[in-house]
Number of protein chains: 2
Amino acid sequence: MLVRHGVISTLGQLTSHSPSSSTVIRRQQFLVRTLCGSRTYLPKLTRAMSSTSEADAESVLRTVTPSLDPKRHKGQAGKIAVIGGCREYTGAPYFAAISALKIGADLSHVFCTKDAAPVIKSYSPELIVHPVLEESYTISQFSEEEKRKVQDKVIGEVDKWMERFDCLVIGPGLGRDPFLLECASKIMLLAKKFNVPFVVDGDGLFLVTNSIDLVNSYPLAVLTPNVNEYKRLVQRVLNCEVDEENAEDQLRSLAKQIGGVTILRKGKSDLISNGEIVKSVSIYGSPRRCGGQGDILSGGVAVFLSWAQQLKSDPESPSESPVILGCIAASGLLRKAASLAFTKHKRSTLTSDIIECLGESLEEICPAS
Amino acid sequence: MLVRHGVISTLGQLTSHSPSSSTVIRRQQFLVRTLCGSRTYLPKLTRAMSSTSEADAESVLRTVTPSLDPKRHKGQAGKIAVIGGCREYTGAPYFAAISALKIGADLSHVFCTKDAAPVIKSYSPELIVHPVLEESYTISQFSEEEKRKVQDKVIGEVDKWMERFDCLVIGPGLGRDPFLLECASKIMLLAKKFNVPFVVDGDGLFLVTNSIDLVNSYPLAVLTPNVNEYKRLVQRVLNCEVDEENAEDQLRSLAKQIGGVTILRKGKSDLISNGEIVKSVSIYGSPRRCGGQGDILSGGVAVFLSWAQQLKSDPESPSESPVILGCIAASGLLRKAASLAFTKHKRSTLTSDIIECLGESLEEICPAS
């Protein structure tokens, strides 16, 4: 069984340290740690498992974060797109998109409404902001036929970019305008067509909770609900209330019920499940609950998931799902950055302060050189 | 042969150090270093040369950067204009324009669309932003006659400024709107009429690749393609694929084929050729490939090229083409600044961080006083 997971052959190589094998060694160390820290790799135990295992988030971060190689060119460390930002909300999509860059992605796009675009652009020249989404109030005089044409145009604008993206984040600052949500649902279908992973957060979760088929059985979908969003999801899908006594089992059932999507349930400890395993991340953290931290998390999941996907072609890659690894890594990094920001800013800690700590936090865990 | 290049007479003066001759001495030192470090000054060897010589970028930076003289007035250290910035892209023209200022230009203009202008203005009050370009969607209802009038108006707005500029950067964040690209091509013709040098980057390269006559045989044109842009250029002009085995010869052929324009091919090493010589810049650098670094380079080439042009009237000036010198200097400085920013910010290094390091990097190489 261990051979099947590539662990015995991996352990056998631990003594031969060629100078160029640092990445391989990091991954070997990861597997050893994972085996020691958690036994969920053994299928027999996974099936019988009823308790959650704490993920070694730092180890996962070291495993999925790619080495920086001067031979690589722009885009190879990740191209992320955020779908969100409307007349009302502009901060959330900015936080998600800039977090992706600060963690190490090469390019970060935002697809938002025409009203939101100049504001999001003005937050940072580093983002590529597409003012292509429409809200009902701009097309209220249109006939149904004209509205359909507008929707086709919106989807066309996203379509021409889709295959370039490594991951989407759908929902930060999306709002609840019916026309906009309909466009967002079409974008989810488009992402699935191109096999592009996506993270659903904020108002995207409102959409998905009411139209669960949008993500059902798509293994590259991640939902990142907070307490209230989770409650609504449980009510809708499992037709019951949240059971804190059996939180892990309920999360596993929920993820399984949605066909094996991955759910990252945010809370005092973050719980992550794809319907098979359940992992928790409890390290670090901050007692500050300022708005916007969820946007950092969703942008982070997008980057780490993309990086973990790249490992798949590596024979030494961990057997864990890239989606689960991406969630663990993003949760661990956000917690460390929030903790660091809190030591600096205490009660006045804001989301921007946490974003400023992402680089230093990642560097502490996983030095760039 | 040495006398023809003014080198022997220069060397002869090295012993007489009058207090006011520091600039002259710096240039003399440059020539000595260049002669020692590279023999491409000797025409016989240049003709036979098949390998690339590494440029002494620091020496070039010291040579082309003018002394700061309190007697000089605003504008004499460079007036740069960036043509770019549309509804979709605003970061790129900002990066190019602000980099020019941060390196030491006195004035930096941006000519962009009406939509892009308020955003670019909001990034920095240091820039002069002209909201004069138009995109197809704003004139879609116009007749051909009206469209021609709009185009004439756009070109008129640029025309009245043109002769004041020392160099243009055409392309950062220009987008691919056909009407806008048509305006950009007219602006290139205008620049040629006024003998104003221009650097073509980003979407400007898309335009030029499809209409090579726009730059053909204009000795003051610089193209700064990245991997993909270079590939398209080679396919279009040389009708073949990129040959990495003979990268220098192919670059020289390409530049020669376009009538001796200068091409700065960005990569692990930057390669620069005007169809005669080939220089490489390999020093420093950073493994981070965040979007926007090419915009710093294009803004930098514009400034250093302008400064190198000013040397032409100096009898002690280097014989090397000012365009080549500008490329070497900008490449060297960007690499040093990227390296410095990376030591500070590691994986979270963004283009803005590199721009913040331009001044410190130039100061280290070439102290202002």
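**Figure 1. A salt bridge within helix 7 of chain B.** In this predicted model, the side chains of Lys147(B) and Glu144(B) come together in a salt bridge, with 3.9 Å from N to O. Look for both residues in helix 7 of chain B, which covers residues 144–162. Lys147(B) and Glu144(B) sit three residues apart, about one turn of the helix.

**Figure 2. A salt bridge within helix 7 of chain A.** Here Lys160(A) pairs with Glu157(A), and their closest N and O atoms are 3.2 Å apart. Both residues belong to helix 7 of chain A, with a spacing of three residues, or about one turn of the helix. If you would like to look for others, a search of the whole structure finds 31 salt bridges over all chains.

**Figure 3. Where chain B meets chain A.** Chain B brings 24 residues to this contact, and chain A brings 37 residues. Together the two chains bury about 2,600 Å², of which 57% is on carbon and sulfur atoms. Three residues to pick out are Glu88(B), Arg289(B) and Arg347(B): they supply 29% of the area that chain B buries against chain A, more than any other three residues.

**Figure 4. Polar links across the interface of chain B and chain A.** One salt bridge is found across this interface. In that salt bridge, the side chain of Arg288(B) meets the side chain of Asp106(A), at 3.2 Å from N to O. The interface also has 13 residue pairs in polar contact, both residues of each being at pLDDT 80 or more. On the side of chain B that touches chain A, helix 5 (91–103), helix 6 (116–123) and helix 14 (351–356) each supply at least two residues. The residues on that side of chain B divide into 10 nonpolar, seven polar and seven charged.

**Figure 5. How chain B and chain A are related.** To superpose chain B on chain A, turn it by 89° with 0.1 Å of shift along the axis; the RMSD is then 0.1 Å. This is the relation of a four-fold axis. To find the axis from chain B, start at Ser122(B), whose C-alpha is the nearest to it in that chain, 4.5 Å away. The copies use different surfaces, as 4% of the contact residues of chain B recur in chain A.

**Figure 6. An aromatic pair in chain A.** Over all chains, the count comes to 12 aromatic pairs. The one shown joins Phe111(A) and Phe165(A) edge-to-face, at 5.9 Å centre to centre and with 85° between the planes. This pair links distant parts of the chain, 54 residues apart. Phe111(A) lies in strand 3 (residues 107–113), while Phe165(A) lies in the loop between helix 7 (144–162) and strand 5 (167–170).

Methods
Residues are numbered from 1 along each chain as its sequence is written. Chains are lettered from A and ligands numbered from 1 in the order in which they are written. This is a predicted model: local features need pLDDT of at least 70, side-chain atom pairs count only at pLDDT 80 or more; totals for chains, interfaces and linings use all residues. Side-chain values use heavy atoms; hydrogens and water are left out. Contact means heavy atoms within 4.5 Å. Buried area is the accessible area (1.4 Å probe) that two parts lose on being put together, summed over both. A salt bridge is a side-chain nitrogen of Lys or Arg within 4 Å of a carboxyl oxygen of Asp or Glu. A polar contact is a pair of N or O atoms within 3.5 Å; within protein, one must be able to donate a hydrogen and the other to accept it, and residues adjacent in sequence count only if both atoms are side-chain atoms. Helices (H or I, at least four residues) and strands (E, at least two) are DSSP runs, numbered from the N terminus. Ala, Val, Leu, Ile, Met, Phe, Trp, Tyr, Cys and Pro count as nonpolar, Asp, Glu, Lys and Arg as charged, and the others, Gly among them, as polar. Copies are superposed by least squares on the C-alpha atoms of residues with pLDDT of at least 70 in both. Rings of Phe, Tyr and Trp (its six-membered ring) pair if their centres lie within 6.5 Å; planes under 30 degrees apart count as stacked, over 60 as edge-to-face and the rest as tilted.
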